[in-house]
Amino acid sequence: MRDAAPQTIYLKDYTPFGYVIDSVQLTFKLHPTETRVLSKIAFRPNPEATDRTFFLHGEELKLISATIDGKEVSPSVTDEGLTVDAPDAPFTWEAEVEISPSTNTALEGLYMSNGMYCTQCEAEGFRKITYYPDRPDVMATFDVRIEGSEKVLLSNGNPGASGEGFAEWSDPWKKPAYLFALVAGDLINHPDSFTTRTGTDVELNIWVRPGDEDKCAFGMQALKDSMKWDEDVYGREYDLDIFNIVAVDDFNMGAMENKGLNIFNSSCVLASQATSTDADFERIEAIIAHEYFHNWTGNRITCRDWFQLCLKEGLTVFRDAQFTSDMRSEPVKRIDDVIALRARQFPEDQGPLSHPVRPEEFQEINNFYTATVYEKGAEVIGMLKTLVGHDAYYKALDLYFERHDGDAATIEDWIQVFEDSTGRDLQQFKRWYSQSGTPKVSVKEEWDAENGIFTLHFSQSTAPTPGQDIKDPRVIPIALGLLAPGGKETHPTHVIELTHAEQSLTFDGLDARPVPSLLRGFSAPVILEQEIDNDRRAFLLANDTDPFNRWEAGGDLARDTLINMILKDAAPSPAYLHGLRRVVTDESLDPAYRGLMIQHPSETELAGTLSDMGEIPDPTKIHIASRALLAAKAETLSDILPALYADNQPTGAYKPDAEGSGKRDLANAAMSLMAKLGDLSHAKAQFASADNMTQQFEALAVLVREGQGAEAVKAFYDQWKEDRLVINKWFGLQISLAEPEDAAKVTEALTQHPDFDMKNPNRFRATLGALAGNHAGFHHESGAGYALLADWLIKLDPLNPQTTARMCTAFQTWKRYDAGRQALIKAQLERILATPNLSRDTNEMISRILG
Ligand code: ARG
Ligand code: ZN
């Protein structure tokens with residue numbers, strides 16, 4: 001039973017632990033329901049702490065025995081841990097506990113997935129393995145012995161002795177317990193090796209279930225590329241003899257950077273041409289890089305406490321984005337990231353869940369692995385790099401690694417490094433870490449024709465967010481350029497720094513009124529409000545030299561026409577359609593970029609835009625307008641679609657690289673538009689003959705969207721029923737593309753399918769997550785979508801609080817909608833909150849969403 005009042009933890013209350021640990025020895029005697037864990041830990045008083053309370057975290061553990069310096073002790077034990085009188089001098093703690101991995105459905109601590117043992121300890125899962133000071137500022141070296149009958153027994157660090165039924169591992173690098181990992185199973189490896197720049201040979205392995213061996217090659221290449229890239233770009237070398245990756249089917253998130261033993265959701269590492277889409281390949285490459293890069297930004301330098309989570313996550317996301325830009329296309333990666341930021345982070349920052357990049361309080365830290373901490377955290381690093389410049393950034397990073405290697409650091413430490421190495425005062429910049437909410441930057445123009453002077457008047461403001469009424473001006477880097485009316489760029493990109501609520505910038509000596517191109521490359525995560533009309537957007541779409549802003553101008557035209565279609569029943573705007581035609585036929589642009597230009601803003605994004613404008617979004621109208629614009633695009637481009645389709649069929653063997661995937665993207669867009677015009681022949685032929693999942697799945701999607709997919713859906717299932725990752729796609733597609741009035745029914749039917757398994761997070765997300773992502777379907781006025789999601793969240797919560805709490809975010813935008821929908825959602829939120837024994841995770845999320 002939970003306490004009536006859940007406890008809130010505050011950043012300001014941080015105090016160090018009373019003891020430091022010199023070494024940890026763990027022995028695991030594996031058993032599905034009665035695993036024994038023996039721990040032997042050398043503690044000594046922490047000279048930097050005053051409080052010597054000896055409290056060890058521990059949850060769901062059966063304590064068998066405990067001794068201090070060999071003498072039995074009787075700790076006082078609660079649901080959260082134990083306390084015992086400990087000496088004010090060095091001592092050895094030994095304990096034996098029993099745990100039950102096979103009944104652990106929360107997938108936190110030690111659990112089982114398809115008969116294999118695995119762990120997930122971040123953030124606070126180690127306390128479900130043994131009694132320990134489970135906090136990231138307590139770091140130690142670990143020696144581990146695993147006893148079990150499985151063929152493969154893995155833990156962190158370098159391998160030691162092994163033999164029949166046992167293996168030993170030792171990790172020479174001090175680490176917090178959240179980076180501990182253990183895997184045991186009858187696994188098969190895909191081996192390789194990497195020689196570091198100083199000549200150390202590192203053994204590499206990707207471990208998978210038998211049958212998945214043929215899906216490892218791409219991930220292995222991504223790992224080697226990442227290792228090389230981190231040496232070349234950041235001067236960071238790998239530091240153990242071996243690096244293992246394990247694929248696990250039941251996993252709450254994407255992957256985990258445990259020292260030397262990364263554990264991955266199988267959907268984030270297994271890849272093959274036949275079963276993975278181009279988007280999957282790119283995502284897998286990025287996640288492998290992300291987890292590998294954590295070895296320095298996260299593991300060698302870790303976080304003092306969980307409030308500092310963005311210290312490792314923001315920086316590591318920034319690093320993996322740099323890697324992807326280098327491996328693929330820089331503008332395309334930037335555009336993809338901004339689309340994702342607007343889709344996931346902006347709604348969070350502007351709703352009831354808004355929190356600073358470095359939160360100052362929480363009840364359950366698992367609820368703060370958010371788009372704000374990760375993606376906005378990465379944007380903050382990007383701004384810092386823009387402000388100090390390329391060379392100063394890398395110089396600061398060198399100092400960061402040198403000064404803090406082996407530390408559990410804070411955001412203050414991070415900022416200090418930049419201040420010391422650049423000599424800049426960054427105290428105002430630091431507000432990006434403490435103030436929540438998305439700033440609005442408004443720009444007014446003034447043209448003095450007589451004297452040729454052009455002035456930009458900027459103002460910035462941020463609306464109040466929960467718990468933060470007053471906002472101070474932030475440092476906002478605005479990258480901008482000027483174009484002459486004829487289209488030529490007269491002032492190339494330069495960066496200005498907004499630091500005040502209001503600020504002006506003047507250009508003189510101009511012959512004619514210029515057109516500014518503002519916030520190039522999306523130089524800050526803000527909402528830009530400028531004086532701009534469709535003529536100017538069309539001008540920028542045609543002439544801007546900044547690829548991001550060119551895309552943005554096209555997107556703004558699309559948004560504007562959609563808003564007019566929704567609010568005024570207007571026809572699609574010719575300015576947008578003509579501009580689109582020009583870009584799509586411009587062969588000098590790379591196909592991936594043209595593929596992006598052909599998309600228009602998602603229905604969810606439009607709901608956000610309308611709500612920003614003070615309008616109440618009507619999901620049905622948005623859906624109808626979005627479909628109508630698709631049809632209008634098809635009409636406008638009808639004569640060029642067949643050639644666009646034919647000319648962009650990649651030739652030669654399938655390659656999931658930027659070029660191949662860009663072409664497939666563009667060809668698929670053409671196929672989709674031809675289908676809108678009633679010509680399904682390409683989709684049907686492509687579905688039948690595709691030799692890769694990108695083309696097969698897109699063809700299936702088009703057929704389903706056009707209401708002609710029944711047969712293909714069945715054929716697809718028959719072809720792929722043995723492949724759980726492909727079947728996740730099959731679940732998701734039918735729900736994402738269901739008509740608004742059918743979405744809840746289709747979802748409900750699929751939850752009755754024999755392959756539906758609520759305990760598998762991937763399958764649960766593919767089903768209920770897809771419902772939440774079908775904007776018009778989830779928000780159908782019947783309320784059936786809301787009720788169905790709530791039913792399943794209530795069912796899942798006792799089994800898996802983390803995944804349940806994460807999916808509550810589907811309701812975070814509820815106050816955007818009309819009174820009828822608000823009442824329906826509120827009733828569901830209250831029903832969830834009233835559920836007896838609701839987890840701390842879900843309780844916190846629903847309470848915050850209700851506000
Ligand atoms: N550190 C992992 C990563 O970003 C994610 C861990 C998520 N943990 C959690 N409890 N949600 O690579
Ligand atoms: Zn991470």
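Two strands pair if DSSP finds at least two bridges between them. Keep that rule at hand for the exercises below, which explore a predicted model.

**Exercise 1. In which sense do strand 2 and strand 12 pair, and over how many bridges?**

Solution. Start with the rule: at least two bridges are needed for a pair. Strand 2 (residues 19-29) and strand 12 (residues 140-147) have six bridges, and they run in the parallel sense. For a place to look, find Leu-26, which stands opposite Val-144 in strand 12.

Now step back to the sheet. It is an open sheet of eight strands in the order 6-5-9-3-2-12-15-14, and its pairing is mixed. At its edges are strand 6 (71-72) and strand 14 (158-163), each pairing on one side only.

**Exercise 2. Take the open sheet of three strands: what is its order, and which strands stand at the edges?**

Solution. The order is 4-8-7, with antiparallel pairing. Strand 4 (55-57) and strand 7 (76-77) each have a single partner strand, so one side of each is left without a neighbour in the sheet. Next, look at the pairing of strand 4 with strand 8 (residues 81-83): three bridges join these antiparallel strands. Within this pairing, Leu-56 has Leu-82 of strand 8 as its bridge partner.

**Exercise 3. Which domains does ligand 1 lie between, and why?**

Solution. First list the domains: domain 1 (9-272), domain 2 (302-434), domain 3 (441-524) and domain 4 (727-851). Then look at the residues that surround ligand 1, among them Glu-122, Met-253, His-290, Glu-313 and Tyr-369. Domain 1 and domain 2 both give residues to this shell, so ligand 1 lies between them.

Two elements, strand 20 (255-256) and helix 2 (278-293), each supply at least two residues of the shell. By type, the shell residues divide into five nonpolar, two polar and four charged.

One more distance helps with the layout: the centres of domain 1 and domain 3, taken over C-alpha atoms, are separated by 50 Å.

**Exercise 4. How many residues does the largest nonpolar core have, and which helix gives the most to it?**

Solution. The largest nonpolar core has 227 residues. Helix 5 (residues 371-388) gives the most to this core, with nine residues. Next, find the residues with the most contacts inside the core; they include Leu-182, Val-246, Ala-670 and Leu-789.

Finish with Ala-670. Leaving aside its neighbours within four places in sequence, Ala-670 is in contact with Leu-641, Leu-644 and Tyr-645.

Technical notes:
Residues numbered from 1 in each chain as written. Chains lettered and ligands numbered in written order. Predicted model: local features only at pLDDT ≥ 70, side-chain atom pairs only at ≥ 80, totals over all residues. Near = placed C-beta within 6 Å. Helix = DSSP H or I, 4+ residues; strand = E, 2+ residues; numbered from the N terminus. Nonpolar A, V, L, I, M, F, W, Y, C, P; charged D, E, K, R; others polar. Domains from an automatic or database assignment. Core = buried A, V, L, I, M, F, W, Y, C linked by C-beta atoms within 7 Å. Buried ≥ 20, exposed ≤ 12 C-beta atoms within 10 Å, placed from the backbone. Contact = placed C-beta atoms within 7 Å.
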